[in-house]
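Q: I am new to this structure and would like a close look at a single part of it, taken slowly. Please keep to one connected account.

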Amino acid sequence: MIALIIKDLKLSIKMNFFTIIYGLFVSCVGISLAQHLLADTMYILSIVIMVFIMTIYTNGFEDRYNTQIVLNSFPINRDNIVMGKYLTLMAYIIINCIVIFVFTNILKAAGFAQGNTVSILNLIIAGCICLVFYSVYYPFYFKLGEGIRTFNQVLWAMMFILPAAISKIGKKMESNGMLVEIYNKLSTLNLYSIALIVLILTLVMFYTSLQISKKLYRMREF
């Protein structure tokens, strides 16, 4: 299973440079913003985008070259193939959280930015978004395989449209005072406690999704 995870990480290396540059650019936009809520949104978005692009690229590459058929021709337990995908996703989340955390703090320490840096809360939210999305996505992926290629293409396009769209919506909300109002309301809540509960529920959902994907993949014919 470790070999399967390493395989996916090596596959994503081709995309890593471009992905990291793109994610760092989005986080640069965040650190330049004075409005904390909007800046936090850009940090979360940069991590989600990096994880999604790496995952889409790796899975798309395998679909294109029928890697799943090749893997199933070897004496490899199908459960390990599924588990490898789930663990690779967690590796992508951890790697990209570290990259954005280190990058924004270096910029802040060097005096290149006046805004706030990425927080632990931002990292938890970004991780939860990725885990929830792939908890739903992966059972379909392991059931249908390349049958969801069109969905992947739409998702890929969204990764490049979303930052500009969210930035535009955020600035509009900032101009009419709505963003400040939301930020003040959120400031009265214990967000870290809420995030911890959501994280635990998300991990339960992710584990349940893993078990479902294993069953679906065992029944899949190649």
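How much space lies in the largest pocket, and which residues and helices line that pocket?

A: This is a predicted model, and in it about 330 Å³ of space lies in the largest pocket. The lining of this pocket is made up of 16 residues, and those that lie nearest its centre are Leu37, Asp40, Leu121, Leu186 and Leu191. Four helices, namely α2, α5 (120-144), α7 (178-187) and α8 (191-219), each supply at least two residues of that lining, and the largest share, five residues, comes from α2.

Helix α2 therefore deserves a further look, and it covers residues 36-64. Its 29 residues should span 42 Å at 1.5 Å a residue, and the C-alpha atoms at its ends are 42 Å apart, so the expected span and the modelled one agree. Of those 29 residues 25 are buried, which means that α2 is largely enclosed by the rest of the structure; buried here stands for under 20% relative accessible area. After α2 comes Asn66, a residue whose phi is positive, near 50 degrees.

Turning from the pocket to the surface, one finds a nonpolar patch of about 660 Å², made by Ile94, Ile98, Phe101, Val102, Ile106, Ile120 and Tyr192. Helix α4 (residues 78-109) gives the largest share of this patch, five residues. Ile94, one of the patch residues, is found in helix α4, and Ile94 counts as exposed because its relative accessible area is 51%, where exposed stands for over 50%.

Methods:
Residues are numbered from 1 along each chain as its sequence is written. This is a predicted model: local features need pLDDT of at least 70, side-chain atom pairs count only at pLDDT 80 or more; totals for chains, interfaces and linings use all residues. Side-chain values use heavy atoms; hydrogens and water are left out. Patches are made of residues with over 30% relative accessible area and no salt bridge: like charges are joined within 9 Å, nonpolar side chains (Val, Leu, Ile, Met, Phe, Trp, Tyr) within 5 Å. Accessible areas come from the Shrake-Rupley method with a 1.4 Å probe; for residues, only the protein chains shown count as cover. A salt bridge is a side-chain nitrogen of Lys or Arg within 4 Å of a carboxyl oxygen of Asp or Glu. Buried means under 20% relative accessible area, exposed over 50%, partly exposed in between (1.4 Å probe, protein chains only). The expected span of a helix is 1.5 Å times one less than its number of residues. On a 1 Å grid over the protein atoms alone, a cavity is a set of points where a 1.4 Å probe fits but cannot get out, and a pocket is an open set with protein on both sides within 12 Å along at least five of seven lines; lining residues have an atom within 4 Å of a point. Grid points are joined across faces, edges and corners, and a volume is the space filled by probe spheres set on the points.
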